[in-house]
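User: Please look closely at one part of this structure and describe it in a connected way. Begin with one residue, then move to the strands and the charged pairs.

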Amino acid sequence: MKKKIMNIIVSLVVLILVLIVGYLLYDKYVQNKKIGIKVETNVPNKYGVAKPDASILVYSYVDQEKKFEFFNENGLNEINYQLRIPQLNFTTKVVEGINSKILNDFSDVAVEFDNAKSSVGYKSSESDYDFFNPLKDNIVYIFASKILVNETGSTTTTYYSYIYDVKNDKELTVKEILIQKGITEEKIIDAIKQNEHFIESYENKTDEDQKKIMDEIAKAVENFSKVNIEGAQTGSIQLLININNFENVCVDFEVK
């Protein structure tokens with residue numbers, strides 16, 4: 001009887017060990033493959049990018065390049081595409097949540113980047129980012145974009161803003177920042193109407209199309225749903241407004 005119990009215990013221990021090893025292998029190979037990031041060895045970070053020292057506020061968690069070569073009447077040509085995915089370099093639960101959100105937002109473009117073939121019009125999905133830390137603010141702004149290519153070769157670009165208040169260890173939204181700076185929906189619409197590039201494109205439209213464009217602007221600016229912070233310096237802030245069926249518009253505001 002004791003021998004039978006011992007055999008059962010040994011079997012359970014072996015089963016638990018097998019499950020643990022299986023999970024670790026799944027996390028290493030399957031989960032990493034899900035977000036399309038090639039794993040390198042002998043580096044601290046499982047995605048092949050070592051975390052920098054604390055003086056670096058934002059770093060490239062993923063930084064890969066893909067090159068397509070092709071011939072035409074001018075001879076050999078090449079197109080380079082880049083996959084850059086940012087992460088905040090702070091160790092708090094709030095930052096952990098922001099960083100996870102970034103990886104989730106860019107998981108699809110990472111997969112498409114890995115799977116890209118030169119046969120699709122020499123196009124590849126790609127992503128890039130920039131970040132800003134005005135001296136008067138204890139705030140880090142990340143502005144990121146991704147381009148997805150579908151089977152027909154057309155592209156879709158999506159923009160993201162990630163904002164971290166370092167002093168208060170808090171994630172902020174575009175809406176919160178702009179309200180703090182006194183930038184309202186009405187002020188953004190007025191700034192768009194005065195933008196030279198917007199005026200030039202808008203004036204060439206029919207009355208019907210102009211009305212549609214203004215409706216789309218109202219939707220984009222409403223609750224700041226398609227307003228991203230493209231840049232931030234001491235004393236100024238730059239916004240990019242993503243307007244459906246019209247080109248993006250960039251506007252600047254002076255802020256305190």
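Analyst: V249 has a relative accessibility of 2% and therefore counts as buried (buried means under 20% relative accessible area, exposed over 50%, and partly exposed in between, with a 1.4 Å probe and protein chains only). The model is predicted, so local features need pLDDT of at least 70 and side-chain atom pairs count only at pLDDT 80 or more, while totals for chains, interfaces and linings use all residues. Residues are numbered from 1 along each chain as its sequence is written, and side-chain values use heavy atoms, with hydrogens and water left out.

V249 belongs to strand 9, residues 249-254 (strands are DSSP runs of E with at least two residues, helices are runs of H or I with at least four, and both are numbered from the N terminus). Its C-alpha atom is 6.8 Å from that of I192, although the two positions lie 57 residues apart in chain numbering.

The next element to consider is strand 4, residues 139-149, where 9 of the 11 residues are buried, so the strand is largely enclosed by the rest of the structure. Strand 4 has a partner in strand 3 (residues 126-132), which runs antiparallel to it and is joined to it by 7 bridges (two strands pair if DSSP finds at least two bridges between them). Strand 4 is also antiparallel to strand 5 (residues 155-165), with 11 bridges joining them. S145 takes part in both pairings: D128 has S145 as its bridge partner in strand 4, and S145 in turn has Y159 as its bridge partner in strand 5. Between strand 4 and strand 5 the hairpin has 5 residues, and G153 there takes a positive phi near 100 degrees.

D128 leads to the charged pairs. D128 is linked with D63 and R84 in a network of salt bridges (a salt bridge is a side-chain nitrogen of Lys or Arg within 4 Å of a carboxyl oxygen of Asp or Glu). Within this network, R84 and D63 form a salt bridge whose closest N and O atoms are 3.9 Å apart. R84 is in strand 2 (residues 75-88) and D63 in strand 1 (residues 58-72), so the bridge ties together parts 21 residues apart in sequence. R84 counts as buried at 18% relative accessibility, whereas D63, at 44%, counts as partly exposed.

The whole structure holds 7 salt bridges. One of them joins the side chains of E171 and K101, with 2.6 Å from N to O. This pair links distant parts of the chain, since E171 is in strand 6 (residues 170-172) and K101 in helix 2 (residues 93-105), 70 residues apart. E171 counts as partly exposed at 30% relative accessibility, and K101 counts as partly exposed at 36%.

A further salt bridge, at 3.2 Å from N to O, brings together D215 and K211. These two residues are 4 residues apart in helix 7, so about one helical turn separates them. K211 is exposed, at 54% relative accessible area, while D215 is partly exposed at 35%.

After helix 7 (207-221) comes a loop leading to strand 7, and N223 is found in this loop. Strand 7 (residues 227-233) is mostly covered, with 5 of its 7 residues buried. Its antiparallel partner is strand 8 (residues 236-241), joined to it by 6 bridges. N228 has L240 as its bridge partner in strand 8. The hairpin of these strands has 2 residues between them, and G235 takes a positive phi near 95 degrees.
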